[in-house]
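Work through the exercises below with the sequence and the model open. Each task is followed by a solution in steps.

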Amino acid sequence: MIPEIGNIFLIFAFSISVLSFLSSTFSYYSNVQIYDLSKNIYLIFFLLLASFFVLEFSFLTDDFSVLYVANNSNPNLPMYYKFSALWGGHEGSLLLFVLIISIWMMVFSLLSSYTKIEDKNLVLSFSHLVLFSLLGFIIFSSNPFERLIPIASMSGTDLNPLLQDFAFTIHPPILYFGYAGLIIPFSLALARCFNVTEAWTTHIRNWTVLSWSFLTLGIALGSWWAYYELGWGGWWFWDPVENSSLVPWLLATALFHSAIVSNSRKIFNNWTILLAILSVIGCFIGMFLVRSGILTSVHSFALDPERGLILLMITLAITLYSFFVFFKSDVSDNNSINYSIVSKEYFLLINNLFLVILAVIILFGTIYPIFYEIFSGGRTISVGAPYFNLVTVPIAFFLAFFQGYGVLTKWSSSPNSIKTFSTTLIVIAFLSLVFSYLLFNYLSLFNVIGILMVSSIIAGVLISAIRIFDNKRFFFNNLGMNLAHIGIAVTIFGIGAVSSHSSSKEVILEIGESTTLSNYEFTLIAEDFKEESNFYSQIAIFQVENLTNGDSFDLKPEKAFYPASRSIMTESAIAITPKEDVYISLSERLNSGEWIAKIQTKPFVRFIWLGSILMCLGGIFSFSRRLLFK
Amino acid sequence: MKQHRKNRIYVILFIGISILISIFLVFSALQENINLFYSPTDLQNNPPMSDKSIRAGGLVKENSLIRDKDSLKIFFEITDLKNTVSVSYEGLLPDLFKENKGVVATGYFYPSANEFVAYEILAKHDENYVPKEVKKALE
């Protein structure tokens, strides 16, 4: 009975959302005054929250008459994972996603004020459009409350063991906060096409920055999770699922940079609107790719072509609708502004151009196999990681290189001095030399590219920080931006170091045997065994000695077996030292008693995620400063 | 020509050139980095050039797995129940690699020896998941 109540809540939320959309649209075209519809979103939020908890109740009480619970949970699962198992599959994760959309709409409604109530109704109505499309999809084709009668098993299947992990429990919600937040700038952009002009660029910039912060953190968490949980020490695989989160991230990054220009200079207006639309379409394409099973990916959901088709229809409908609105609208730029080649406008244009090109080529590489299969009569291909590395590195290089000087330029209304330009070049050259000297014994082309990128960004931040002596406000105003830019530099530094200076070795060891890698000696000293409520594992104990300073520590990688799903998991063991990670993962135990293991060192790999955290903090700071000190 | 018109031409030129370079980059990178999929039957009937990296997939044939004594070398056979191809690989096997289960390997095929030298064996997350291509190859 209880799951049905959850379903009824969903249907109510769906109906209210449809009605809100229809009445705002009706009121716009007929000029009939209506009430403040923004209060509806509170009701929708509580209905979705109730529905969420109803499903949680089924999970926590092991109600295996609910098909979704039976497929994703198990009585022996620890309580904590029973709770997070809700978003371990397609239906539940979608329910979480719509709940998060309603949270964004509610927060937007609370924090933004409009002089005309119709304007606010109109903005929210476009969010309702997305919300009810997804709610309809859940209710009619992906219902998490669907029953399984008669009950097939009393034990459930299991939550995929890979997902029984802390990072997994927080990675999807944070990522969804990122995606869902982009619906706000999307709605603002569409509303702008309907002549809602009040503070639209400020709103777009602020809300994009906030959702971008979540998106950054969500992607970084996913990468971190893949690094230690997939067991083999990679932090990015150019997998379709990862790419479909990176594309909206790049578009959102372009979007708030473009919104800065629209806000200050009243140009790039149409471009900002287009980007806001494209970011959300990017999210939907990603959702389609991940959930339809059209691409072979390491972590796509259980697959169903019918659902894929419906998602494709929703994506197409929203795309067509937004483009229709966009091309019918009549938004113009301030034509009196002509920006010169050396100006902030021009550098932000370069930034946007390269970010969008990056997004397009990543998306292209991701979906190319689909088109290939269609046009070659069924032959399937895969696009390898080298493609992505080859195309993204040069473009990312120019992006980072122009970023350093770009932040120092002024709007074209005031002259840009040659002094700033030459100072920047000198600082870049100096920093590059310092980095080259400090960090690398030898310099490959790849290292030089990395060093130039990092130096250029840091030069920009440094010089802009020095300007506080002229103007204290200037520093405070740009603190968020500078933090985020340092974050990018830190991440690039991590990527560069780990890509060119990692070492790795695959070994067969018996107890008592040792091997060396980099400046560490690894000795397999013993074996162990442990049993938990839902799995048991074999453990190999390694003693690792740092040959430079004689320090030693133990690492205990595991091979875990989950009986419920009959699956084997590789639990890597990682020692974090200031400079690098020492990483061991077990492959298998041979009948002779020897272990096959992979040992690796990963210099500065933590910088990749540390940088992402800085970017996220910068974004949140920037949003809250604007909110608190308008 | 007026200054602002000149600027506009620079901007358009810059955008145009960037896009052209990117397109060039994409297609040249694509040429070398796509891996076509072959089932054992495809390999028999229509073998690829041995300098081209491809993917081969099917089921790991029962009792075909041989492990070299003192190295990480592994030999096994992939079958689509019509034809088989022998595979050699040096390295770690993914957790879900089992006889009679689906597998996709990336590497080079040498038709004269009917041997596939793999440099990567794909891991799949899910016990019940059969790669789309493998499913098709078995039909």
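**Exercise 1.** How many of the 25 residues of helix 6 of chain A are buried?

Solution. The model is predicted: local features need pLDDT of at least 70, side-chain atom pairs count only at pLDDT 80 or more, and totals for chains, interfaces and linings use all residues. Residues are numbered from 1 along each chain as its sequence is written, chains are lettered from A and ligands numbered from 1 in the order in which they are written, and side-chain values use heavy atoms, with hydrogens and water left out.

- Take buried as under 20% relative accessible area, exposed as over 50%, and partly exposed as in between (1.4 Å probe, protein chains only).
- The count is 22 of the 25 residues, so helix 6 of chain A is largely enclosed by the rest of the structure.

**Exercise 2.** Compare the expected span of helix 6 of chain A with the distance between its end C-alpha atoms.

Solution.
- Helices are DSSP runs (H or I, at least four residues), as are strands (E, at least two), numbered from the N terminus.
- The expected span is 1.5 Å times one less than the number of residues.
- For residues 117-141 this gives 36 Å; the end C-alpha atoms are 35 Å apart, which agrees.

**Exercise 3.** Place A:Ser329 and describe its surroundings.

Solution.
- A:Ser329 sits in the loop between helix 12 (305-328) and helix 13 (344-375) of chain A.
- Its relative accessibility is 16%, so A:Ser329 counts as buried.
- A polar atom of its side chain lies 2.8 Å from the backbone oxygen of A:Phe326.

**Exercise 4.** List the secondary structure of chain B.

Solution.
- Chain B has three helices and seven strands.
- Their order from the N terminus is α-β-α-β-β-β-β-β-β-α.
- Of the 139 residues in chain B, 42% are buried.

Terms used
Polar contact = N/O pair within 3.5 Å; in protein donor to acceptor, adjacent residues only side chain to side chain.
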